Number of protein chains: 2
Amino acid sequence: MAEDISIAILGYGTVGSGIVSVLESNRDSIAIKAGKGINVKYVFDIRNFPGDPIEKKLTHEFETILDDPEIKIVAEVMGGIEPAYTFTSKLLAAGKSVITSNKELVACHGAKLIKLAKENNCNYTFEASVGGGIPIIRPLNTSFSAEKIESISGILNGTTNYILTKMADEGKTFEEALSEAQEMGYAERNPEADIKGFDTVRKITILASLALSKSVNSDDIYTEGIEAITPADMAYIKTLGSSLKLIGSYKATPKGVYAMVSPKIIPAGHPLSMVKDAYNAVFVQGNMVGNTMFYGSGAGKLPTASACVADIIDAARHPDINVRIDWDEEKVELLPIKDIPMRALIRVECDDIAEGRKVAQSLFQGCRVLALCELTGEFAIITGLETEGLIQEKCKILYEIPFIRGVANIIRMEE
Amino acid sequence: MAEDISIAILGYGTVGSGIVSVLESNRDSIAIKAGKGINVKYVFDIRNFPGDPIEKKLTHEFETILDDPEIKIVAEVMGGIEPAYTFTSKLLAAGKSVITSNKELVACHGAKLIKLAKENNCNYTFEASVGGGIPIIRPLNTSFSAEKIESISGILNGTTNYILTKMADEGKTFEEALSEAQEMGYAERNPEADIKGFDTVRKITILASLALSKSVNSDDIYTEGIEAITPADMAYIKTLGSSLKLIGSYKATPKGVYAMVSPKIIPAGHPLSMVKDAYNAVFVQGNMVGNTMFYGSGAGKLPTASACVADIIDAARHPDINVRIDWDEEKVELLPIKDIPMRALIRVECDDIAEGRKVAQSLFQGCRVLALCELTGEFAIITGLETEGLIQEKCKILYEIPFIRGVANIIRMEE
C-alpha cells in the first residue's frame, strides 16, 4: 500500500472532532477504500485543547497548513463565511482540495469556489453541507445527470422536525417542544437559525443551484419558520390524517422556477410523512426517474463527519483530477412569491360560523371546510390551487368582513 | 463544446429503447453535463426493427462495435449471462467502458469484470442493476466509503411489492394480485424470477458484495419467494399494524455475515413500511451514519434507462480514468441459514387452542400469542430472537403433538 496521506482539519468543533473519530474508528477499511492510510497532520483552531489526543497537531497558524506541500486535502468545518471563505480560496488557489460541511459558505460562494477548484485542478466538495450523512449532493451531481430535476422537497433540519414531531405526536406546544429539543441537545440555546428556517434556506439554495447548474441566491428565497405553529393548527392537520414538516422546496414550472422555505402539510402516504424526530429526507422528482427519496440522519457529529470523510477518500483516490460539478455563477431569477402556485389550509376566526363559511366559500370557490368540535369560534378551509398572491388578497378581504375576527394561520400544503 | 461522443447499445429491449428515449428527451442538458453531445452510433440486436428510428443504426454483428475505434462507451442491456459476458469481456479488454443494467451478469461475474476494466483503464459500471433509477450503487461505493456497512434490507423487486400491497390493502389472494400485476404489466407472463425471489437474490448479492468489497455467491443465499403468503397471514400482520415485504437482507454480525431473501414482517413506523406498490427502497445501516434509506422506482423503462445514461455521462466526463470500485474476487463465506438469528410469526393449526398455546409457550419461552376471531382452529405466536435452526427444530416438535395439526406458515420479522 502507498504511503499515508496527510490532511488538515480547519475547526475542531463537533464535525471536526467527528472526522477524527470516524478516521480512527474505521481506520483499516478507510485505508483500503482510499488506497492509502489517512493521517491528520494539523488541526487548526483558535482555541486550545489541553489533554486532547489532537493537542500536538493543533496549530493557530493557518499558513502552516497552506505552506505545507505535503497537505493536499483540507477539511474546512469551521462554519460561517469568514475566515472560512478566505482560507478556502487560498487553499484551492494553491491546488489543495477542500471538503466542507459549511452550508453557509457553500450556499453563498459555491459557484465561485467550484470554479476556483477547477482552475487549479483540485476539488471543492460539500456532501456534508446538506442532509448530514445522507448522500444527496453526489446523487444530484452524478446519479441524476441524465435527469431534468422537476422538484425537490426536503426536510432539511433535524431540530425543527423533532419539534414538529413532538407537537404532533404528544400534543406539546411549540415552546414545550423547543425546550425539550434543547434539553435533548437537538436545539441550540439560541435556536433562531433552525426554527426561523435560516438553516433550511441555505440547504435548499445548494440543492436548487445543483438542480439548475446555476446560482440561486438565498436572499431571494421566501423563508418562513415554525414559531407560529400552534396545537390548534396541529388539530386540523391530524383530522386530515396529514403531518406538518418544515419543507425547503424547489420547483420548475412552465412559468419559471421557484424556491421557498415554509411549514407544509404533507398528506398521509407521501414518503415524507413518515420522516420523524430528528431525521431528514430529500424527495426529488426527475423527468425520467419519477419520484425518489433519500432518508437518514441529517445532522449529528458522526453522520456529518462520515460524509466529510467520504469526500476526503474521494479526493485521496483521485488526486490531481478535477471532478466536474455543474454549478455556474450565472444567477437564477426566481418567480416572485406572489406568483407561486399553492394550496393552503386557512384558519378563519369568526363568531357566526354559518355566515363565515358562506363568505369563505364564495371567495375560495370549491374550497373544503373543516370544523372541529374542540375549536369554537373558528373554522378552516382548504383552498384549491391558486397563487400565493391571490390567496393573500382574498385573506385581506376576509379581514374586512365585520363578523370575521381574522385569519389565525395560513399553512401551505404539499402537492 | 467538444465533438459528439459515439456510443453503442447492446440489446434493444425495454431498457435499450429507454436509453434512446432518455438521450433524446434530455439531449441538451445531457450534453452540458457530459461536456459533449452523446450520439448512439450502433444498436446491436438479433432482431430487426423495421420502421423504428434506430433502424439504420441496427447491427447484427457485435464485431462492428468491438472493432470501431470511435466507440469508447457501450451500454450492455441484453440481460442474461451469455452472450453478454463474452461481449462485455471483449469490450473491456479493448479498453471500452461498459455500463449495464444486467443484474444477473453483475451478480455472477462482477468482480472479474471490474478487475478487467481496471487492467484496461476503462470502467464497468452498473448503477441500473439494482433499484432501477434509485441511486444506490454509487452511494455505497463512494458516499459510504467511510462506513462499515452493518446491514442492508432492500425491497428490491417491484412486482412482488405490488402483489403484497394489493393483498394487504385490498384483501386479494396471491393469485388474484398476481393476475392483476400481470394485467397492469408489472409482472411477466412467466413471473417465476420475481415471485420466487430470484431477481431479489441477484440484487442483494450485488449490494452485499459492495458492502464487503468481496464476492458473495448468489447460490449461497437462502431464497424464499412470496407464493406461500395467504390472506390469513396478512390478517395477523394487519393486527400487528405491520406490513409484509419481500426483503433482500445482508447483515454483519459478530459471528459472521449473512444474506437471505424472504418475506419479512416490517413494523409500523419503519421507513420500509411505507414503500408501496411497485416502488423499491434500500435501507442501509452504517456504523457511523446510522440509518439511511434510498427510495424510488425500482424498475421501468425510463428510470432504469436514466441510471444507465448517468453511467454513460460519467464515462464520457472522465475518459481514460478508471474509477475505483472495491469488489474483489475473494469469496465470502456466509453463515449457514441455521445459524441466522431471527424472530418469526408462526401460525399453529390446532383444535384445542388452550392446550396448543400451553405447548407453544413452553417451547418458545416468552413468545407472544395472537388469536383472531375470524381464523378458527389456529393461533399464532411471535417468537423471541432465536436462530433459524432452533425455530425449525421447535416447529418439528410441534408437529409431533397429537392435537396440533401442523404449522401453516413461518414468517420472519425485520428487527
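What radius of gyration does chain A have, and what would a compact globule with 415 residues have? In this predicted model, the radius of gyration of chain A is 24 Å. A compact globule of 415 residues would come out near 22 Å, so the two values agree. The C-alpha trace of chain A spans about 80 × 45 × 35 Å along its principal axes.

Turning to the makeup of the fold, chain A contains 17 strands and 14 helices. Of the 415 residues in chain A, 60% are buried. Among the contacts in chain A with a separation of 6 or more, 73% join residues that are 24 or more positions apart.

The surface and the charges complete the picture of the single chain. About 16,000 Å² of chain A is exposed, and carbon and sulfur atoms supply 51% of that area. Chain A carries 56 negative side chains and 43 positive ones. The centres of these two sets lie 3 Å apart.

The pairing of the chains comes next. A turn of 180°, with a shift of 0.0 Å along the axis, lays chain B on chain A with an RMSD of 0.0 Å. The two copies are therefore related as by a two-fold rotation axis. Within chain B, Phe294(B) has the C-alpha nearest the axis, at 2.4 Å from it. As for the interface, 100% of the interface residues of chain B are interface residues in chain A as well, so the copies meet through the same surface.

Notes: Residues numbered from 1 in each chain as written. Chains lettered and ligands numbered in written order. Predicted model: local features only at pLDDT ≥ 70, side-chain atom pairs only at ≥ 80, totals over all residues. Heavy atoms only, no water. Helix = DSSP H or I, 4+ residues; strand = E, 2+ residues; numbered from the N terminus. Rg over C-alpha atoms; globule rule 2.2 N^0.38 Å. Buried < 20%, exposed > 50% of the residue type's maximum accessible area, 1.4 Å probe, protein only. Contact = heavy atoms within 4.5 Å. Areas by Shrake-Rupley, 256 points an atom, 1.4 Å probe, with all protein chains shown as cover. Lys, Arg positive; Asp, Glu negative; His and termini not counted. Charge placed at Lys NZ, Arg CZ, Asp CG, Glu CD. Least-squares fit on C-alpha atoms with pLDDT ≥ 70 in both.
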